[in-house]
Amino acid sequence: MSRYVCIHGHFYQPPRENPWLEAIELQDSAYPYHDWNERITDECYRPNARARMLDDEGWIVRLVNNYGRISFNFGPTVLSWMQEHTPDVYEDILAGDRESAGRFSGHGSAMAQAYNHMIMPLANARDRRTQVVWGVRDFQHRFGRDPEGMWLAETAVDIPTLEELAEAGIKFTVLAPRQAARVRRIGDEDWKDLGETGIDPSRAYVQNLPSGRSIGLFFYDGPVSQAVAFERLLNSGETFASRLMSAFHDDRSWTQLAHIATDGETYGHHHRHGEMALAYALEHIEEAGLATLTNYGEFLERFPPTHEVEIAENTSWSCYHGIERWRSDCGCCTGGRPGWNQAWRSGLREALDWLRDRVEPAFAQAAGELLRDPWAARDEFISVLLDRSDETIEAFFEAHATRPMNNGDRQQVLRLMELQRHAMLMYTSCGWFFDDLSGIETVQVMRYAGRVHQLARRTLGLSLETEFLERLAKAHSNIEEHGSGRDLFERHVKPSFVDLRDVAAHYAICSIFDGFEPSERVYCYDVIKEDLRRVTAGKASLQVGRARITSRITKMTDVISFGVLHLGDHMISAGARTYAGPEAYQGFWNSAEEAFDRADFPLCVRLMEEAFGDSNYSLRSLFRDEQRRVVERVLGSTLEEVHGAFRRMYGRHAVLSRFLTGLNIPVPRALVAPAEFVINDDLRRSIVADVPDTDRINELLAEATHNAVPLDTVTLSYATSESLKRLADEMARDPTDTERVARLLALCDATAPLPCEVELADVQNRFYDLLLGVRPRAVSRAGEGDERAAAWLAAFDELGSKLRVRVNGHDKGS
């Protein structure tokens, strides 16, 4: 009988955006990247769109889009981020789905996902419905077709969830083998109960539902999936293919499907170069005729279920105790320290459930005064999340408003919808998955809860924080100094709260260093300057102004007046408040300017305190990315002083250090430190220069070798990769410019001796595109005697050798 193979990748990152800024702030743990989304995209999502196929000597002969040959789903929240920040990868993913539809009988491989990875059996009925509706609509918007399948967070399932999927037109989902309770052939009366071994995964099944609907179910091969994720199966594509083939059995008399499901990040992030093993395994299976590649939609159409199944309700793929991992101390964890427990999970969930249940009736009443059906409007609010244009918002109001709305009504509705969005985001599953209450994923869901509190207070008049924190105090971190959930909320969540005054203060402080633009975007806020007054005295300056701040999310707007006293470096004192009118504004300016002119800076500070009350700001108040940027700017002159001092010390003692090294005598740390600082900093600067100084790079690397100076391999590797990428982009913009090719080639040569691996994927991608699109024309022109084309071709082919990309065999392009 025929044999088919399907590999599913669940590609997902939890939403990491600051709930008040709608942006991911700097995450130091992702260094040298800005944040974990950026890092994992570079390590996994992008490589899978351009997976390398190598020859026997390890040279690249072809790039393939893995998304066109596997089954996959991406979380809507990470796709939204990618669309804005890495549009090339986003488009490659969509292209992979289109490619798969051509390959698999019109069935695209992409599956939808329940919107923000909520554990569906723990959701209430309204949230469960909205998660499915939003997941479907997001998929339609991005992929331009209806989804056939939907991935459930952690494959957590119950009958009400399957009913929602079936009602939404979803044809199938994928579960773990132990999530099947019993099975029988369609038409038989007797059921077969399934034990711990689970169900035979080699066929499709159908679950008949109480409503009379039904849904297809696939149960992936558990042992092979585990081997891919945890047994280093991806060290070899051939071994991977062989293990997949072991899932077939000759004693089966039906068409068999060997299929696995793992986190998509397995292919590249968790296992470096895992995407290459995946690409090789798929090609090997096809070329050797071992099996036919397929996806779930195609297989379900071609080989409809012959057996029906009943699921084991309230189960998942990552908790052996069902779904307890997301509400109790069941023992499932990621391997924290000995003696730790996860008793905090129940306290966290109970606190969030209480918050949700207290907010819901007040929301329904308030929204019901403005909307015909508040819950139907919430389901349809996904249209606004996908396109926040004025036209889309207007269409939303036209469809759901009970009457013509003024600006206040519109702002109220938008805030109510945002309250509901964050009330769902706070249930993102990662908040419970890991080992401690203080983890960044858990703090993130508490931040969403904090946004719910703020919106509930302002839109519904509910003050719930005291009671909420009493409940959250029952959840305790395993790390004593972190205390309880209440402590973490007070320490990490409340300082994140943002209002329009905070945005104005941020704008005002940053503008000291960047200048005041007439209009500016600060994250999800628009700032329009209305007035600015400034006096200076040496390093000191006083600035007073006012600006209109408008939220792009809720359309809330206000004119805010501000004052900033800068005494040089990091010494900043600022205040902001709602504009109190021309008399108060002018009066403050007159008094503050007079005090500043007398250099009475303490009086300036007191006047600001009187004018702005407790609304006091400093450099500490800036949003994280700008805070880091401003601090680096403030530190610039200091670091230059340190750099100069180290350079002088190194210059005086470099010969001595080399002499000691020649005698195999350890160089004292006091002499190594200046050399290490100077050489690493000069190397980085030479590498990232607009035109990299390759001669200087060679000198510095030789110097580091002679003096045994340790190199900062992480920073230098990242700097080299980014500089090569920039030069490759420049080459792609004018691909026939031989000088651009030469610059890239020179930097490859100069940095080759670095004692670290440099990520060349982006450069190789650009080169491969030119190899297919530009080189064939250059070959033709060179053959006709064009000397410039011949020179370009020689440089380009030499670059290919440095990048280990085969250039022969592509002269006809593709």
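The expected span of a helix is 1.5 Å times one less than its number of residues, a handy rule for the first view of this predicted model.

**View 1. Helix α22 and its bend.**
Helix α22 covers residues 624-662, and its end C-alpha atoms are only 47 Å apart although the helix has 39 residues. A straight helix at 1.5 Å a residue would reach 57 Å, and α22 falls short of that. Look along the helix to H653, where α22 bends by about 55°. Residues buried in α22 include D625, E626, V630 and V634. Further along, H643, G644, Y650, A654, S657 and L660 are buried too. Three helices receive the buried residues of α22: α19 (500-514), α23 (669-688) and α24 (694-706). After the helix comes N664, with a positive phi near 60°.

**View 2. Helix α1, kinked and enclosed.**
Here is a second helix to set beside the rule above. The 14 residues of α1 (residues 36-49) should span 20 Å at 1.5 Å a residue, and the 19 Å between its end C-alpha atoms agrees with this. Even so, α1 has a kink of about 45°, centred on D42. At the start of the helix, the backbone nitrogen of N37 has a side-chain oxygen of D35 within 3.0 Å. Because 11 of its 14 residues are buried, α1 is largely enclosed by the rest of the structure. Among these buried residues are W36, N37, I40 and T41, as well as D42 at the kink. The list continues with C44, Y45, R46, P47, N48 and A49.

**View 3. Two separate nonpolar cores.**
The largest nonpolar core holds 104 residues. Which of its residues touch the most other members? They are L355, M426, M446, F468 and I549. Zooming in on L355, and leaving aside its neighbours within four places in sequence, you will find contacts with M426, A449, V452, H453, L464 and F468. There is also a second, separate core of 72 residues, which includes L165, L194, F219 and I285.

**View 4. Strand β12 beside strand β1.**
Is strand β12 (residues 256-263) largely enclosed or left open? Of its 8 residues, 7 are buried, so β12 is largely enclosed by the rest of the structure. Strand β1 (residues 3-11) pairs with β12 in the parallel sense, over 8 bridges. One place to find this pairing is H8, which stands opposite A261 in β12.

**View 5. R252 in the loop leading to β12.**
R252 sits in the loop between α7 (237-245) and β12. With a relative accessibility of 14%, R252 counts as buried, because buried means under 20%. Leaving aside neighbours within four places in sequence, R252 is in contact with D200, P201, S202 and A247. With one of these, S202, the side chain of R252 makes a polar contact of 3.5 Å. For a sense of scale, the C-alpha atoms of R252 and A580 are 81 Å apart in space, while the two residues are 328 residues apart in sequence.

**View 6. An open antiparallel sheet.**
Follow the order β15-β16-β17-β18-β19-β20 to trace the 6 strands of this open sheet, whose pairing is antiparallel. The edges are β15 (519-522) and β20 (616-617); each has a single partner strand, so one side of each is left without a neighbour in the sheet. The partner of β15 is strand β16 (residues 525-537), joined to it by 4 antiparallel bridges. Within this pairing, V522 has Y525 in β16 as its bridge partner.

**View 7. H476 in a loop between two helices.**
The loop that carries H476 lies between α17 (465-472) and α18 (485-493). H476 counts as partly exposed, at 46% relative accessibility. Its side chain has a polar atom 3.2 Å from the backbone oxygen of A473. Apart from neighbours within four places in sequence, H476 is in contact with W344, L437, G483 and S484. The C-alpha atoms of H476 and R345 are separated by 9.1 Å, although these residues are 131 residues apart along the chain.

**View 8. D97 within helix α3.**
This last close-up shows D97, which lies in helix α3 (residues 87-103). D97 is buried, with a relative accessible area of 3%. Not counting residues up to four places away in sequence, D97 touches F72, G108, S109, A110, F143 and R145.

Notes. Residues numbered from 1 in each chain as written. Predicted model: local features only at pLDDT ≥ 70, side-chain atom pairs only at ≥ 80, totals over all residues. Heavy atoms only, no water. Bend = angle between axes of the 7 residues up to and from the residue. Buried < 20%, exposed > 50% of the residue type's maximum accessible area, 1.4 Å probe, protein only. Polar contact = N/O pair within 3.5 Å; in protein donor to acceptor, adjacent residues only side chain to side chain. Core = buried A, V, L, I, M, F, W, Y, C linked by side-chain atoms within 4.5 Å. Contact = heavy atoms within 4.5 Å. Pairing = 2+ DSSP bridges.
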